[in-house]
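Let's walk through this model together, from its overall build to its surface and its charged pairs. Have the sequence and the 3D view at hand.

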Amino acid sequence: MDEVKAMSRAGESVGKAVGTGVQQARIGTKRAGEVGVALSKQAAARAEQELAERGLSTDELQELLAQKTTGMSRKQLAKRARKARKQWDKKTAKSREQLARNTEAARRELAARIEPAPPKRRKWPWLLLALAALGAVAAVALSRRPEEFPVAEADQDLTKRDGNGHHPDSERLAAESGKSDHLP
């Protein structure tokens with residue numbers, strides 16, 4: 001059992017050492033951060049002093065750096081950035097529209113595959129049948145015209161009647177038409 005006690009004591013001492021080391025690391029990190037902030041403030045103040053000695057401001061320095069690296073001024077760079085943003089917005093708008101159209105087409109195609117539409121019935125055969133029926137009705141109507149009777153001539157007097165109440169020419173007209181007014 002001495003080995004177990006020795007190992008547990010060793011683990012405790014190692015755990016204490018690790019805990020102490022982590023705590024010291026945290027403290028050191030905090031100190032390093034504070035020192036870094038102080039040194040960067042000092043460096044910035046020193047840089048501004050040197051720029052002032054040379055007669056430059058921070059804005060002028062930024063302009064010089066932009067000029068040296070790109071060959072354009074900051075105003076030109078800003079103008080170019082605005083144009084690039086505008087072109088990017090146009091491209092994204094076109095891409096969105098195209099994507100919306102493609103999505104709609106794909107949705108319709110999928111819907112057609114899932115549930116196909118019934119075949120469309122043509123209406124023109126019904127129109128032809130209706131026209132044929134109208135033609136047949138017109139043919140029947142025109143074929144059933146009433147018989148035309150001969151027109152009386154001007155020298156015939158239709159108001160004359162014989163003693164039986166018949167017109168004198170009624171027998172002749174009946175003979176021509178095949179009918180007789182007289183009953184046998």
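In which helix does Lys79 lie? Lys79 lies in helix 3, which covers residues 74–114. Before going on, a word on ground rules: this is a predicted model, where local features need pLDDT of at least 70, side-chain atom pairs count only at pLDDT 80 or more, and totals for chains, interfaces and linings use all residues. Residues are numbered from 1 along each chain as its sequence is written, and side-chain values use heavy atoms, with hydrogens and water left out.

Now for the overall build. The protein has 5 helices and 0 strands, so called because helices (H or I, at least four residues) and strands (E, at least two) are DSSP runs, numbered from the N terminus. Read from the N terminus on, the elements go α-α-α-α-α. Of the 184 residues in the protein, buried ones make up 4%; buried here means under 20% relative accessible area, exposed means over 50%, and partly exposed is anything in between (1.4 Å probe, protein chains only). About 17,500 Å² of the protein is exposed, and carbon and sulfur atoms supply 59% of that. These areas come from the Shrake-Rupley method with a 1.4 Å probe; for residues, only the protein chains shown count as cover.

Start at the beginning with helix 1, residues 2–54. Its 53 residues reach 76 Å from first C-alpha to last, close to the 78 Å expected at 1.5 Å a residue (the expected span is 1.5 Å times one less than the number of residues). Right after helix 1 comes Gly55, with a positive phi near 85°.

Back to Lys79 and its surroundings. Together with Arg82, Lys83 and Arg85, Lys79 forms a positive surface patch. Patches are made of residues with over 30% relative accessible area and no salt bridge, joining like charges within 9 Å and nonpolar side chains (Val, Leu, Ile, Met, Phe, Trp, Tyr) within 5 Å. Lys and Arg count as positive and Asp and Glu as negative, while His and the chain ends are not counted; the charge is placed at NZ of Lys, CZ of Arg, CG of Asp or CD of Glu. Lys79 itself is partly exposed, at 48% relative accessible area.

There's a nonpolar patch on the surface too, made by Trp124, Leu127, Leu128, Leu131 and Leu134, with about 570 Å² of accessible area together. Leu134 sits in helix 4 (residues 124–143) and is exposed, with a relative accessible area of 58%.

What about salt bridges? The whole structure has 5 of them, each being a side-chain nitrogen of Lys or Arg within 4 Å of a carboxyl oxygen of Asp or Glu. One of them pairs Glu63 with Arg74 at 3.6 Å, N to O. Glu63 lies in helix 2 (residues 58–70) and Arg74 in helix 3, so this pair ties together parts that are 11 residues apart in sequence. Glu63 is partly exposed at 27% relative accessibility, and Arg74 is partly exposed at 35%.

Further along helix 3, Glu109 and Arg113 form a salt bridge, their closest N and O atoms 3.0 Å apart. Both lie in helix 3, 4 residues apart, about one turn of the helix. An α-helix has 3.6 residues a turn, so residues three or four places apart point the same way. Glu109 is partly exposed at 45%, whereas Arg113 is exposed at 65%. Elsewhere, salt bridges that share partners join Glu104, Arg107 and Arg108 into one network.
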